[in-house]
Amino acid sequence: MRTFRSDRKGKRMSNSRKAVWAAVIVVLSVFIGSFNTIINFVTDYKWFKSLGYEKVFLTKLLTQLKVGIPVFVIGTILIYFYLMTIKKDYYKKVSTVYSGVSEKKVNQIALGGALLVSFVSSASVAGNLWFDILRFFNSTDFNLQEPIFGRDISFYIFKYPLINEIYMMMTTLLVMLAILTVAFYFIMMSIRRPTLFETSDADRPFDPRTIDAGNLKRVFSIAARQLLVIGVIFFVVQGLGYFLRAYELLYSSRGVVYGASYTDINVTLLMYRILMVVSFLAAVMLFAGFKKKSLKLALTGPVLILVISIAGNLTSAGVQSYIVSPDEISKETEFIEYNIKHTQAAYNLDNIEEKTFEAETNLTIDDIAANDETISNIRINDSRPAELVYNQKQGIRRYYEFNDVDVDRYDIEGKYTQLFVSGREMNQNKFDNLTFINKHLKYTHGYGVAVSPVNVVTSEGLPELMVKNIPPETDIDILRVDRPEIYFGELTDDYIIVNTLEKEFDYPEGNENAETLYEGDAGVELGGINKLLFAYKQKSLKMLLSGNITAESRIVIYRNIAERIRKIAPYIEYDTDPYMVISEGSLYWIVDGYTVSTNYPYSEPYSENKINYIRNSVKVVVDAYNGSVKFYVADKEDPIVQTLGKIFPTLFTDMDQMPEGLKSHIRYPQVLFNIQADVFRMYHMNDPRVFYNKEDEWDIASEKYETSEQQIKGTYLVMKLPGEEKEEFVLSLPYNPKTKQNMTALFVARNDGEDYGKLIIYKLPKNKNIYGPIQIENRIDQDDEISQQFTLWGQVGSNVIRGNLLTIPINQSLLYVEPIYLQADTENSIPEVKRVIVAYGDQVVMEQTLEESLEMIFGSSNGGADEDGVEVGDTTSDLIIRATELFEKAQEAQQNGNWSLYGVYLNQLENVLYRLNEINGIVPEDEALTENVEALEQ
C-alpha cells in the first residue's frame, strides 16, 4: 500500500514538474516570439517621451488593455461555462465508458478551447477596434442631420463604423463557436466513448462503423440542441445586420448621384426591413421546428430570406428600369438636392462667396501702376526649372540636394514679396562608400537654403538668389539664417548618433571641411541599457562596439519629417509637400494635416478610396534642427479634430499659440484646393434640374506646359483681389465651360490673416466670350512673330520650354503672363528665362522682360513713354504729337503685315486719346474712342 501511495505521489510530483516546465516553455516561447515587439515598444516609448508625447503613445496601449482584458476574461468565462454545460448535458444524456482520460484533463481541454477563442476574439477587438471605440465614446456632433433617418452626421462618422464592426465580429464569433461546439463533441465522444456503441471495449480504437445507427440520433440530438442556440442567435444577429444595412443605402451608387436614390428608399429599404423581421421570425421558426422535429418549419425562415432577397433585388432592378429611368428627373430631384447639400458641406463648399467679374478690356497704364505690387510679384520663374538651377548652381557638393522648391511670401523691407525657398539637404545615397561612421556619425545633416524672388531673373535668365552659398549669404535681415543645419527633412531617412567623440561634418570650407558638434536636444541618450536596446533595434553590432559612442551620445531616429509626424499621429492624413520656412534665424518645416472620412452620407467621393469628407484641420511644424514637432489646430470647427483632441488631450496646440513668425507663413494647401476645385466643377450648381442636365458643368482650364498640354493646378500668387485695398497671397484656378475653351470663372482661396481659408468664386459674364488659358496658348502658337522665334530657337539646338500660364485679375480685367525658357540640347543644361509673353484682350506680345511686354501693350509708366522713350506730356499739344506718332507706327506695322504690333499701337493710341479727352473735360464712351481711332486710320 505504501509503495502504491508513493508511486501515486511520485507521479503527481512528476506531473507537477512537467506542468511547470510546460509553463516555462510557453512563457519563453511567447517572450522569444514577442521579443522584437517588446524592443520596439520600449524604444518607441523612449522616443515618444523625448518629444513629450508619451501620453499619446500610451493611449493606444492603455485602451487596448482596458478593452482586451475584460473581453478576454469575460469571453473565457462564458465560453468555458458554455462548454461545461455541453459536458454536463453529454454526461446526463449519454452513458459513457471511462477511457483513461481524467476529468481534470477534460476540463483543461474545455478551458484551452475557451482560452483560444477568447484570445483570438479579444486580440481582434483590442487590436482593430481600439481607435473606433475611442471615437465612439468621444464623438462630436456635426449639428447637421442627414434627411433619411434623421441622425446627426457624427453617428455615421464616429459610431456606425464601430457598430458595423461589432456586428461582423459577432457573426464571425458565432461561426467559431459552432465549429468549437462540433469539435468539442467529437473530443467528448473520443475520450468519453458512449455505451451506445456495439462494443464497450474501451481499449478498442474508435471506429464509426461500430456505431449503433439508432442510438446515434440521441447523441447528435444533444449536439443539435447546442447548435440550435447558436443558430437562433445567428438569425437574431442577421436581423440586426439587415437593420444596419439600411444605413448603407446612404452610400449607394445606384441613382444618378451618390447616396440613397428613389429605388433605394422605396424598394430596397422596405426589403431590408422585411428581411429584418423575417430573420427574427426565422430564429423563432428554427426553435419551433427543432421542438416539433419539423425540418420544414426550421428551414422556412432561411428559405424566406433567400426568396425575399432575390425578389427584392429583381423588384429594385425593375423599378429602376421601368419607373425611375423614364421619369428620372422628377423621381430623383429630392435625392439630388440631398447630394448637393451634403457634398458641399463635406468639402466646405457651402460658404463660398460668389462675386461677378466683368472681364473688361479697359486697363490703362495708370491701372498697371496702381497695381504695382501685383505686377512686381508676377511669377516669371517656375518652380520646376528653379529646382534644376538650385541643384546645379547651389548644390556646391554632389551629396547636397534641393529636393523641392516651395512658394511662400515674406515682407522684404516693407514690400510683400513672393519667394521660392528650398532647403539644401544631405543625400547620403550620393556617397560611393558609406562606412558606419560616415553614415551615422559624420555626415549627419544638410546645410542652409536657397531663396529667390519669383519675379526676378539675372541677365542670363536664371533666378536671382537672395540667399545663397555656404554658409548662407544674404543682405536681407528677415532671411538671415543663424541655425542653417538641417537634421530633419525630406531626405533624412537614416538614424544618426550625435554628441560622439567623432566630430560631425558641418559644411565644405575651401580645401578643408568645417566640423561641428550637435547642440540641440533631439534624440535619446545611449547610456545604460539604451545602447543595447537601440543597437538591437537598428540591427547594428557596430553601434554596440563603437568606441566613439559614449553615455552622453544620443541616437536620433525617425528623422524623415513625413515618417516622424506619422509615427506620432497616424490617424491624420498628411500633405506630401512639406515646405520650409525661415523664422527668426531658424529653419522650420510646415506640413498640412487633413482629417478625412469615407462615411459622410450623400457626399460624392473624390477618389478611389471613397474619401468624401476633408478638412485641413492641422498645421504641423517641425524644427529642422531640433526635430521638435507641434500639431496646431487650424480648424476648430471640424468635429473630427475635436474628437481627436478629446482622445489625445496632449497632442494638439491651439493655433493662437503658434509664433507669429510662423503663422504669417501658413498656406491654404494646394492639395485641398485642387480637390475642392474639382468637386466644385459640378457642385456650384444648386438647382437639382440644372445639376441633373449638367447645363452649367465646368472644366478646370488647361495650359501648355513645357511641350504638352496639362490641366492647370492651383497656383500661388500675390495679387490685389478686385475690390480689395491691398495685395495678398492667394491660390487661384480658372474654369472653362464643359467642352469649351473660353473662361467662365476664377476660383480663389485667400491665405492671409483673418481672411485665411475664405473661398471666392468670380463668375464671368456669359453673354460675351472671354479668352480662356488654352485659347491664349493657341493664340500664342498662331502669332507669326512668336511662332517664327520659337522655330528659330529650335533650329539652333535649343529646346523651347513654356512655363505656367498665369491668369491675373487686375481691377475688372484679366491679364495673362507666360514665361518662355530656353534649354540647350545638351546634358545638364539649365533652363533660362529668355522671354515673357503677356496677353491682354486681343493682344499678345513677347519681349525680353515682363516690363517690356507690359509697355508694348499699355505704354510706359513714366507718363506714357513708348519703347523709344518718347514721353507723353500733360499738355494737349504733347498728347496730339504722341497720337500722331502712334498712328504712323500703326500704319507702318499694318503695311508690314505685323498685325500683333498693329493692335498694340492702336491700344496705346486709344489710351492717349482717352487722356486727351480727359484734359479737355470729356470722358467719351468706348464706342466714341473707337470712332476716333478709326477716323485717324482713315
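**Close-up 1. Packing around helix H14.** The buried residues of H14 are in contact with helix H2 (35-51), strand S13 (524-525), helix H15 (541-545) and strand S14 (554-556), contact meaning heavy atoms within 4.5 Å. This is a predicted model, in which local features need pLDDT of at least 70 and side-chain atom pairs count only at pLDDT 80 or more, while totals for chains, interfaces and linings use all residues. Residues are numbered from 1 along each chain as its sequence is written, and side-chain values use heavy atoms, with hydrogens and water left out. Helix H14 spans residues 530-537, and 6 of its 8 residues are buried: Asn-530, Lys-531, Leu-533, Phe-534, Ala-535 and Lys-537. Buried denotes under 20% relative accessible area, exposed over 50%, and partly exposed in between (1.4 Å probe, protein chains only). Helices (H or I, at least four residues) and strands (E, at least two) are DSSP runs, numbered from the N terminus. After H14 comes Lys-539, with a positive phi near 55 degrees.

**Close-up 2. The salt bridge between Lys-636 and Asp-656.** A salt bridge is a side-chain nitrogen of Lys or Arg within 4 Å of a carboxyl oxygen of Asp or Glu; the structure holds 36 of them. In this pair the closest N and O atoms are 3.7 Å apart. Lys-636 belongs to the loop between strand S19 (629-633) and helix H17 (639-647), and Asp-656 to the loop between strand S20 (652-654) and helix H18 (660-663), so the pair ties together parts that are 20 residues apart in sequence. Lys-636 is partly exposed at 43% relative accessibility, whereas Asp-656 is exposed at 57%.

**Close-up 3. A salt bridge within helix H18, between Lys-663 and Glu-660.** The N to O distance is 3.6 Å. The two residues, Lys-663 and Glu-660, are 3 positions apart in the helix, about one helical turn. Residues three or four places apart point the same way because an α-helix has 3.6 residues a turn. Lys-663 is partly exposed, at 22% relative accessibility, and Glu-660 is exposed, at 55%.

**Close-up 4. The salt bridge between Arg-681 and Glu-697.** The side chains meet at 3.6 Å, N to O. Arg-681 is in helix H19 (residues 670-683) and Glu-697 in the loop between helix H20 (688-693) and strand S21 (698-700), so parts 16 residues apart in sequence are tied together. Both Arg-681 and Glu-697 are buried. A network of salt bridges links Asp-678, Arg-681, Glu-697, Asp-699 and Lys-738.
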